[in-house]
Amino acid sequence: MTASPLSPADWSEARSWGVAPAAHLLRRLQTGYRPEELRRVMDEGPEQTVDRLLTEHPEDPSIGPAIASLEQTALATGQIDSLRAAWLLGMTTPVNPLREKLTLMWHNHFATSYGKVKSLELMRRQIDLFRRHAWGNFGALLHEVSRDPAMLVWLDGNSNRKRHPNENYARELMELFSLGVGNYTERDIQEAARAFSGWHMRHGDYWFNSLQHDDSEKTVFGKTGRFDGDEVVDLCLEQDACSRFVASRLLQTFVHPRPPEEWTTAVAEDLRQETFELRPVLRRLFLSSAFFSSEARNSLIKSPVEFVLGSTTLLGVAIRWPETLRLLASLGQNVYEPPSVKGWEGQRNWVTSTTLMLRTQFIADLVQTNQYGVASPSKLLESADLSGVLAIILGSDSPQLLASVREQMSGLAKPDQKQRLTLLMQLPEYHLY
Amino acid sequence: MSRISRRQLLTGLGAAGCISFSGQIPGLWRRAMLDAAESGKSAERILVLVQLAGGNDGLNTLVPFTNDVYYRERPAVAIARDRVLKLNDRCGLHPAMGEFRRLYDEGRLAIVEGVGYPQPDRSHFRSMDIWQSAHPSATDFRDGWIGRSLDREFQRDAGSSESLALGTDRTPLSLLSQTRAVPAIEDFQQYRITGAALASGSTRRPLEKLAAESSGTSELDFIRRGLIGALETADRLGQLGDRNSSLEAFPATGMGRKLQTVAGLIAADFPARVYFVSLDGFDTHAQQLAGHQALLAELSDAVGAFAKELDAHRRSDQVVLLTFSEFGRRVAENGSLGTDHGAASVLFALTPPGHGGFHGTPPSFDKLDDGDLIHTVDFRSVYATVLDRWLGIPSREILAGEFAPVPFLPG
Amino acid sequence: MRRVLRLSASILLLVGLVVFPALRAKGHDAIDVCPPGAIAGIELRGLAPAITALEHSELRSAIESSPAFRKWRDSADGRKAAGGVTLIESQLEDSAWSILRNLFGDQVAVAIYPPASSAKPEGVMVARLADAATLASYVEKLQPLIDLAGNRVQRSERKDGGVELVIDNRMTLAYRGCWYVASENRGLIDTVFSRIDSEAELKSKTPHRLFDATSSAGAWIDLAAIRKLMGTLPVPQKLDNPLASLLFGGLARSIKDADAVSATVAISDRQLDAKVTVASPIRSQEAPFTAYLAPADGSRNASLPPVAGLLAGVTVYRDFGDWYRGREQLVEERVLPEFDKFETGLSTFLIGRDFGADVLPLLGRRVSLLAAPQTFEHLGAARPGVQLPAFGVVLELDHPEEGADLIRLFFQTLVAVTNLEAGKQGRQPWILTSQVHRDVTLSYARYLETPSGDSLPIVFNFQPSSALVGKYFVLSSSREFCQRLIDAVLDWPSPKASPPRNLSLTFDPAVAAKLLNDNAAALHANNVLQGQSIQQSEEQLTLLVNWLKQFRPLDWKTELGERGFDMSFSLGW
């Protein structure tokens, strides 16, 4: 019998905790980081870091007003890009980076698009909901999402009427939000849809329209009762498939694109034990042997947000948002407008020859011009030697990689610091984390 | 992959002294180099979609010059009989479309008449969504017929089946996929890599070596292969895609520039299977004659140059270009020297040589639907032909049904 | 910029060269010793107090702390200029302000003459100092710098006792007593000195010089002479922008026929008044140019309605019908299609009416456009996220009842169309309603519900309102402002027998500053989007606001005077 994948990683060996695992932890838990943060994580060690990142800290007083002014202006002028900038600005602020990363995960999980909702106010409230529940209870989140106004618009809540049930929400609840394909029947969807009938939106808020609610008996997952929407959500949460589905989401976001079966089983079990309280589950996961395993390292492909904002944060760039948002859209990740209710498939789907070209060109422009904003790289990065830069940027202390980069470096005519940075950030390895 | 990359070959030829003093490769030499380079060209079949946005007036594009109803209903905006470029004893092209006429004579212009769909919608937006999604009954358009097709084809390696919209800042619905981002590029310059440390051979060689050696399936191998492919494409575009590097002269119009770019990308083996370009302004409600003439000339001249450029690169067998528009226009003119939104219309395809000619059934002028032509060919039949016969993607699944092919492409 | 700096630095240097002691008391004015026959002239007189005032003003500190100035100061050019100033200051042992005051504080004149032999017109600059001894001491102290210049500067004695320096074999600078004169034409310099020595009373001959006792600076150009030289003046006959044509078409036309343009500026320590006169036979112009002119008797006038606290306001007096019908003569041909587009667009809101035939004849000749901060009384405690000022239009109608009906139709269609759009986008619709204000019926649109929050969409700035007040139709984006406009129209004094006025404009920088402050969030958002931190943005805004607050309202008027167009401009601080 092998040890559980969730058993804590073992750091008892001397020098086993070092730059590589620290960078791995940081890159997985934050959208981007400054070189100083890597130093801090190395000093703090894994437990203290994870506990710090899983704690809500008061907002940065120098960023809060900037975000507030962006949001206010977005709502006033209807410019979604200001709202995008507000969120992404928060994501790059080192105060609650993990909370924001989880918020983006839920935005992807419950993918709702401004393209149909057409209300900045409702979209912002939905993101706030994800933020509040970032590492809260998944069950509570699922209940609240079911009556979230943006979701009601997105999946046609108002057309779900007693005599004309609309299955849109019930279907996505099961297929994409809680269970996954193959864990429900068409009949379950039809019955569940009736339970959500009359869950409407009015004046921008959830409203239970009792006249349009079908109060009769339904049979869902073999259980029969005069269920309402909340009871259907509870029935979904009771399914084993639900914990596995959520476990897959967590693993695919933080650990591995195709997690081994036993990892999913272990996390699903943990979720049930904790009755879907995410914080303790995430804590165990982030400290686990699976999380730090060699399979897991560098197995994820950076999303455009991670690639672009990770790079700007690394170099301390004061971001010019219009250019940056345009690039993110070209790279395929326009937050607030996921391509469909499935969200971004991500991983290898981020990669096409066009996006690789755009990513490569972005690095050159970022390091060598002010197109995306003025950089002020930290002293740590400026003064580091090649192996130091490699450690900061790629989180690697591998001698082979160092040797290979040295060889490539020898091809540069004038290998100044900017050229070195450009080369390193254009390497295939930099697309992974 | 042991063959010499075309980039290396071209560089090698350049180093061997083919470059003139001016730094320009003389045309003759360049052609020879291209011939050499293209001996190993990709055999991938390519589709270029040309959207004529606004609803092209099919009746003034392919003019039924013997039809009395046409001249009776359009006293002011009809194309005079003696000006029509006659293709047969029934109809001919608008006089501005000399290049289309040439392509027709060469057997490369397929003309499909009477294309439309049941219960035609006369709203620009909805009808365009219907054409692009190929879902006439949908209420919520989430993906396009090309997007769905290529999703299905998406394979392990990056770049095996991509599509690209040019000259637009939004991905058109046709290409939209529910799973992948489809790039829309406003400017060809975005396909250059400048200031890249990885641009030169010496910095890239170790990476190329690693990519060539790795047949692995890890994410790193995947990115390595994709990145090498992207960099090579950028190189080739850098060499082939300069403003003056086209072998043929393209008109200096919007459509001319877009098709010039497409031709350059194709010549550079850019790994897109479908290109999308759009020409706007076909919503000719008023003072139609001059404006429509300019649009048709822009289209015809650009496509003519595009065909010549494909010939020069020996790519003609590899490319099909298909025009479409959300609807045609009413048979009768309106009161402001224009025409209003109609239904069935004509579409054109630039095909490999030998497949041109007339297809479909001319719509009837005797039996109109509220003043509009009734379609004789469902547009999904055209799509089915392209999917099944050209791209090799089973159309049934994509179009959610069986549609009889229109034989303008080899079976 | 760099060239200007280099030039001014060398002028300072050269000016400082004058060593000669005062030979005689100053007598003539600088402008009068310029040789006759000039086609253009500039003069500055008695600027010393203004320079002193500027030196100690808050305006100066505001300018120096402005972001643009600081950016320039930190640039290479800025540092070079600062270095030059420091060099001069240490060499002359005097502050830059004091040097400036001494050299330019008394009298300076520049005159331009038609080209004699060379193709270029020739000029001469004459300056008179209040105190010859200062000039002498400056030049003495600058001698080391002149020595450094080597043979680029050649010094010689003049027969009349002065000294002259030839710089780079081109420019000649001569000085004697409290005078220094510069020109590339030595003949001009000789003439100037002989006039300085003249015992007779000299008087500037040009009729175009309007300089008077209050003026600090003046300039004039003899257009008739230039026209004779050039054949025609390069003034566009037709403008390529309809709005520019409506506002400035008359001015452009008058310059074409003008004899001269003259300007004077009076600067006190708190106020700047500028006057420009275009001497032109305007009254003899024919249609459509008469569209720009107010009646000669001054009976109807482009005065501003009396509204307090305006951000900005403009009243123009135009014959809109004549202007519109004469557009083919007044604007470039390529913009004519814009008029057709305008008519097509307008026909959406004026169903079945033709603009030229049905609308224009109803309009009067006086239109005022006004903007002022609004109170947002229609929103209760709520506020839009971007707070726009209230806008208003006061339109004179020749046929008030018919005209008002058309405008009401326009207004109601606008509300209906907007409501349809609002419905599609889930916004609040408007409901048309009315109230009576000082016996005037005021129609306005209100929102179905009063929303809450301080980030409401921009559309909540608007509460379209309209009223017919006598022969004036009042339209406003705010009911409360509409009421104020009704008051203003009712209390509008009938024009006194003043010169006929074509245009009045006012702008209050202090009100603009307040609006900027109210919209701080939007400005910050814009700066943050461009990569600034909120701290940088706040600092910038504070500076800008403080700068604007230094100014009192700016006024601009265009009137028909005896000679032609008179434009006057005043700005206080």
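These legends go with close-up views of a predicted model, looking at where domain 1 of chain C meets domain 3 of chain C.

**View 1. The domains of chain C.** Chain C is split into domain 1 (2–206), domain 2 (242–508 + 554–572) and domain 3 (509–551). Where domain 1 and domain 3 of chain C touch, seven residues come from domain 1 and six residues from domain 3.

**View 2. The area buried between domain 1 and domain 3 of chain C.** About 580 Å² is buried between these two domains of chain C, and carbon and sulfur atoms give 67% of that area. On the domain 1 side, look for C:Leu59, C:Ala62 and C:Pro67: they lose the most area to domain 3 of chain C, together 54% of what that side buries.

**View 3. The salt bridge C:Arg70 to C:Glu539.** Here the two side chains meet at 3.2 Å, N to O. The count of salt bridges between domain 1 and domain 3 of chain C is one. For polar contacts between these domains, the count is one residue pair, with both residues at pLDDT 80 or more.

**View 4. The helices on the domain 1 side.** Helix H4 (58–64) and helix H5 (67–74) of chain C each bring at least two residues to the side of domain 1 that touches domain 3 of chain C. H4(C) supplies the largest share of that side, with four residues. Sorted by class, the domain 1 side that touches domain 3 of chain C has four nonpolar residues, one polar residue and two charged residues.

Key
Residues numbered from 1 in each chain as written. Chains lettered and ligands numbered in written order. Predicted model: local features only at pLDDT ≥ 70, side-chain atom pairs only at ≥ 80, totals over all residues. Heavy atoms only, no water. Domains from an automatic or database assignment. Contact = heavy atoms within 4.5 Å. Buried area = accessible area lost by both parts, 1.4 Å probe. Salt bridge = Lys/Arg side-chain N within 4 Å of Asp/Glu carboxyl O. Polar contact = N/O pair within 3.5 Å; in protein donor to acceptor, adjacent residues only side chain to side chain. Nonpolar A, V, L, I, M, F, W, Y, C, P; charged D, E, K, R; others polar.
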